[in-house]
Structures are given as structure tokens and as C-alpha cells.
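Hi everyone, thanks for coming. I'd like to walk you through one protein model today, so have a look at the picture while I talk.

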Amino acid sequence: MRAVVYHGPHNVAVENVEDARVQDPNDVVVQVTTSAICGSDLHMYEGRTAAEPGIVFGHENMGIVVDVGPGVVHVRRGDRVSMPFNVACGFCKNCTAGNTGYCLTVNPGFAGGAYGYVNMGPYRGGQAEYVRVPFADFNCLKLPPGNEHENDFAMLADVFPTGYHGVAMTELRPGESITVMGGGPVGLMAAYSAVLIGAAKVFLVDRVPSRLRLAESFGAIPIDFTGGDPVEQIRDQTDGDGTDRGVDAVGYQGTGPGGQEQPAGVLNSLVEIVRATGRIGVVGLYVPHDPGAPDPHSQNGELLFRVGKFFEKALRMGSGQTNVKAYNAYLRDLIIAGRARPSLVVSKELPLDAAPEGYQRFDRREEGYSKVVLKPAA
Ligand SMILES: NC(=O)c1ccc[n+]([C@@H]2O[C@H](COP(=O)([O-])OP(=O)(O)OC[C@H]3O[C@@H](n4cnc5c(N)ncnc54)[C@H](O)[C@@H]3O)[C@@H](O)[C@H]2O)c1
Ligand SMILES: [Zn+2]
Ligand SMILES: [Zn+2]
């Protein structure tokens with residue numbers, strides 16, 4: 001089968017790999033109808049993780065079940081399914097507590113597994129014709145048959161739940177205000193979730209005009225950080241108070257207005273913007289090892305975070321990978337009911353063979369390449 005294989009920094013190729021197949025009784029094999037490229041893939045693509053060549057990318061997968069292991073009881077051949085990017089067992093201590101992003105079974109020696117991602121276990125990604133899904137009864141979310149809402153449902157594997165999770169960690173209540181740093185697909189989905197939850201004011205900070213326009217289209221207030229310090233811009237629009245809540249949807253590769261990397265810049269801006277006793281949800285990625293970091297401390301994941309100010313303001317912060325299964329069924333039902341349309345972030349559909357171009361252009365944050373979905377079955 002054909003698949004997107006990582007060859008090294010800025011180098012992916014579509015080539016033949018061994019077919020996905022049922023390896024364990026609880027597995028299914030899914031023919032991938034849509035697999036999205038993620039900002040998380042770009043960290044690997046740019047050589048900014050410990051990823052080794054040979055990984056098949058793709059953790060945002062959906063499709064049709066084509067083969068079913070003998071131990072699978074709920075999922076059937078022909079089912080249309082979405083898979084959380086997390087691979088989880090469903091029965092370990094963390095899974096039973098709902099923390100499926102930190103499964104203790106699927107990636108021995110580490111808490112958490114995922115498809116096609118460095119350090120996340122042996123699970124091949126779904127930017128391919130087929131993908132193997134372990135513990136399939138637990139990891140498959142059933143979707144209505146047919147092809148309606150395909151790109152909406154494609155957002156259920158990661159960015160819609162992740163944006164929602166960023167907001168959920170802040171414990172936002174209706175009528176409050178929130179700042180979302182980053183207007184990539186994750187930040188846009190965070191701002192969109194905040195609007196759904198009923199925030200009175202949602203600020204979205206980025207520099208890319210099309211991303212800021214998209215945020216404005218669903219009721220967020222765009223803040224271009226190249227037009228002045230976002231802290232000041234948001235204080236000006238909140239009577240000097242800042243916002244009740246804040247989400248980091250950027251992570252360790254955030255930049256300053258001149259384009260220079262500032263690994264702790266976004267976290268420190270949020271410490272300023274969020275009012276005393278407020279909460280911050282960090283879904284933007286931070287890594288323990290970054291071979292391309294601008295200084296030796298950041299290479300070990302040690303950043304100059306303003307913990308003094310953070311303490312003085314009695315702020316609280318949540319972080320980590322999203323437990324997608326905590327949200328995906330509810331968000332699916334919002335889509336079916338016509339009350340959410342996360343596909344608004346999707347800007348490009350490409351056949352699998354065009355993946356190298358998709359990576360290159362999404363990586364440059366080109367206009368029109370904010371969320372690229374690959375269509376391997378087309
Ligand atoms: N926690 C999770 O489970 C999870 C899941 C998916 C993605 N992620 C992470 O979320 C982050 C965002 O993902 P994405 O797909 O939206 O990526 P993306 O790269 O498309 O978006 C990042 C955006 O941040 C903007 N940005 C850069 N510096 C900034 C600054 N100082 N202030 C404000 N905005 C700034 C960029 O212009 C870009 O639009 C990535 O780090 C990704 O790895 C985490
Ligand atoms: Zn993703
Ligand atoms: Zn588990």
C-alpha cells in the first residue's frame with residue numbers, strides 16, 4: 001500500500017510499505033478516506049523532535065473498516081469510523097480514569113500512544129491507504145454511514161477535541177472572556193469551542209491574515225501580534241483587565257513579531273494577559289528534547305518561564321496531550337445536529353500522492369494551507 005514516509009528534515013515521500021493487517025485479535029484495519037496533516041507533524045517534519053526516518057505519518061484518521069480481528073465485538077466490517085489520535089487500551093489505570101492520552105499498556109515504558117508519532121509507540125500512521133487500529137472496540141468512534149460531513153468528522157481525531165480541551169482546562173464559563181494564542185487549526189478550534197460554550201469575548205492572536213479572518217468569521221476578535229504587543233492590545237480592549245482565561249495553541253516553536261523563535265514567549269504573554277486567579281490551558285506542544293532549539297537550555301526543554309509572576313497572580317495551568325475520547329462522541333453529535341461545523345478550518349484537499357507538496361506549503365503557513373486533508377481512497 002502507499003503511505004507518507006518521513007525521510008528526514010523537510011523530506012517526506014509517498015511510497016510502498018507493507019500492508020496494514022490484523023496482527024492481534026482486537027485489531028481492525030481501516031481503509032482511510034481522510035487523513036489530515038497536523039501542526040504536530042510539522043515539528044517532526046522540520047527536524048525539531050527526535051523522530052527518525054522511516055516513520056509513516058498520520059494521526060488524524062477516519063475511514064471504513066475493511067478487516068476485523070476475531071476478538072472485536074462491537075465494530076463491524078463496513079462501519080465508518082473516526083479514531084482518536086491517541087492509541088489506548090481502555091482498561092489500564094489511566095484509561096479507566098478517562099486519561100486515554102496516557103495509556104499505560106500500548107507503549108510500554110511511556111504513558112501514551114499515538115499513530116505515526118515519535119516516541120508514541122509502534123503504531124503506523126494513517127497518511128496511507130490503510131491503517132491498523134489496535135483495541136478497536138475502544139479506539140473506533142462510529143459515524144453515520146455515507147460520506148456526509150466527511151471533513152467535519154475528520155476534525156474529530158484531533159483538532160476539534162484538542163481545541164475544546166484547551167478551553168475545558170481553563171474551566172471557561174458562559175459570559176467570561178478568553179484569549180487564544182495561535183490561529184492554526186488547533187487555536188481556531190479552541191476559539192470556536194469558546195464561542196460554542198458561550199464566552200462573551202474571544203480574542204485570537206496570530207499573524208497570518210487568512211487565519212485571523214477565519215477567527216473573525218465565527219465571532220472571535222482577531223489580534224495581529226505583528227501590529228503591537230498582544231498583551232497591550234488585549235488589555236486595551238478589556239478596560240486594562242486582561243481576560244479571565246487563556247489558551248496556548250502555539251507551543252515551543254512560537255515566534256516574536258520579527259519571526260525569531262521565543263520558546264517561552266507565548267506562555268509568558270498568557271501570564272500577563274490572564275487576570276489574577278485565572279486559568280491557562282496549554283495544548284501547544286512542548287518537548288523534552290529539541291535538537292533545533294535556539295539555546296542549550298531549550299534543547300533540554302528548559303524554558304525561561306515567568307513562574308514568579310505566575311505564582312503572584314495565583315494562576316493555574318493545565319497541559320498535555322488531549323484525551324480525545326473524553327470529547328469525540330459529544331462533538332460528533334454536535335456536528336450531526338448541525339450545531340458545529342469544524343471543517344471551516346479545512347482549506348485544502350489533496351490526493352495522497354500530493355502529500356509532499358501539502359507538507360511543504362502548510363509548513364510555510366502559506367495562505368490557503370491552514371488545514372490540509374489527504375484523501376487516500378479517492
Ligand atoms: N496537546 C495536544 O493534544 C495537541 C494536539 C494537536 C496539536 N497540538 C499542538 O498544538 C500546536 C498548534 O497546532 P496547529 O496544527 O494549530 O499548528 P500551526 O503551526 O498551524 O499553528 C500555530 C500558529 O501559531 C502562530 N504563532 C506563532 N507564534 C505565535 C505567537 N507568538 N503568538 C501567537 N501566535 C503565534 C503561527 O502563526 C501559527 O498560525 C502545535 O504545537 C501542535 O503540536 C497539540
Ligand atoms: Zn494532530
Ligand atoms: Zn490504557
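Let's begin at the end of a helix: right after α5 comes E171, and its phi is positive, near 55°. Before going on, keep in mind that this is a predicted model.

So what about α5 itself? The helix has 12 residues, and from its first C-alpha to its last it reaches 17 Å, close to the 16 Å expected at 1.5 Å a residue. How many of the 12 residues of α5 are buried? It's 10, so the helix is largely enclosed by the rest of the structure. Among the buried ones you'll find V159, F160, P161 and H165, along with M169 and T170.

Just ahead of α5 there's a metal site, so let's go there. Which residues hold the zinc ion that is ligand 2? The protein donors are C38 through SG, H59 through NE2, E60 through OE and D158 through OD, and they lie 1.9 to 2.3 Å from the zinc. The angles among those four donor atoms run from 95 to 124°, and the site is tetrahedral. Along the chain, the spacing reads C-x20-H-E-x97-D. Look at that long gap for a second. E60 sits in strand β4, residues 60–68, while D158 sits in the loop between α4 and α5, so this pair ties together parts that are 98 residues apart in sequence. Buried or exposed, these two, E60 and D158? Both are buried.

Now compare that with the other zinc, ligand 3. Here the donors are C89, C92, C95 and C103, each through SG, at 2.3 to 2.4 Å from the metal. The four donor atoms subtend angles of 101 to 118°, and that's why we call this arrangement tetrahedral. The spacing for this zinc is C-x2-C-x2-C-x7-C. And of these cysteines, C89 and C95 are both buried.

On to ligand 1. There are 30 residues around it, and the ones that come nearest are S40, D206, R211, T255 and R365. What does its polar surrounding look like? A side-chain N or O atom of H43 is 2.9 Å from an oxygen of ligand 1. V250 uses its backbone instead, with an N or O atom 3.1 Å from a ligand oxygen. Then there's Q321, where a polar side-chain atom lies 3.3 Å from an oxygen of the ligand. How much of the accessible area of ligand 1 does the protein cover? On its own the ligand has 860 Å², and the protein covers 95% of that. As for which elements build the shell, α1, α6 and β11 each supply at least two residues. The largest share comes from α1, with three residues.

Okay, a few single residues before I stop. Take R80, which is in strand β5. Its relative accessible area is 4%, and since anything under 20% counts as buried, R80 is buried. A polar atom of the R80 side chain lies 2.8 Å from the backbone oxygen of P144, and there's one 3.2 Å from the backbone oxygen of G146 too.

Next, the loop between β2 and β3, which holds D27. D27 counts as buried, at 1% relative accessibility. Its side chain reaches the backbone nitrogen of D24 at 2.8 Å, and a polar contact of 2.6 Å joins it to the side chain of R132. P25 is in that loop between β2 and β3 as well, but P25 is partly exposed, with a relative accessible area of 46%. If you want a feel for distances, the C-alpha atoms of P25 and G183 are separated by 41 Å.

Finally, remember the positive phi we started with? F135 has one of about 40°, although it isn't a glycine. You'll find F135 in the loop between β8 and α3, where it counts as partly exposed at 22% relative accessibility. A314 has a positive phi too, about 50°, and it isn't a glycine either. That residue is in the loop between α11 and β15, and at 44% relative accessibility A314 counts as partly exposed.

That's my tour, thanks for listening!

Note on methods
Residues numbered from 1 in each chain as written. Chains lettered and ligands numbered in written order. Predicted model: local features only at pLDDT ≥ 70, side-chain atom pairs only at ≥ 80, totals over all residues. Heavy atoms only, no water. Donors = N, O, S within 2.8 Å, 3.2 Å for Na, K, Ca; no water. Tetrahedral: all angles 85-135°; square planar, octahedral: opposite > 155°, others 65-115°. Helix = DSSP H or I, 4+ residues; strand = E, 2+ residues; numbered from the N terminus. Buried < 20%, exposed > 50% of the residue type's maximum accessible area, 1.4 Å probe, protein only. Expected span 1.5 Å × (residues − 1). Near = heavy atom within 4 Å. Polar contact = N/O pair within 3.5 Å; in protein donor to acceptor, adjacent residues only side chain to side chain. Areas by Shrake-Rupley, 256 points an atom, 1.4 Å probe, with all protein chains shown as cover.
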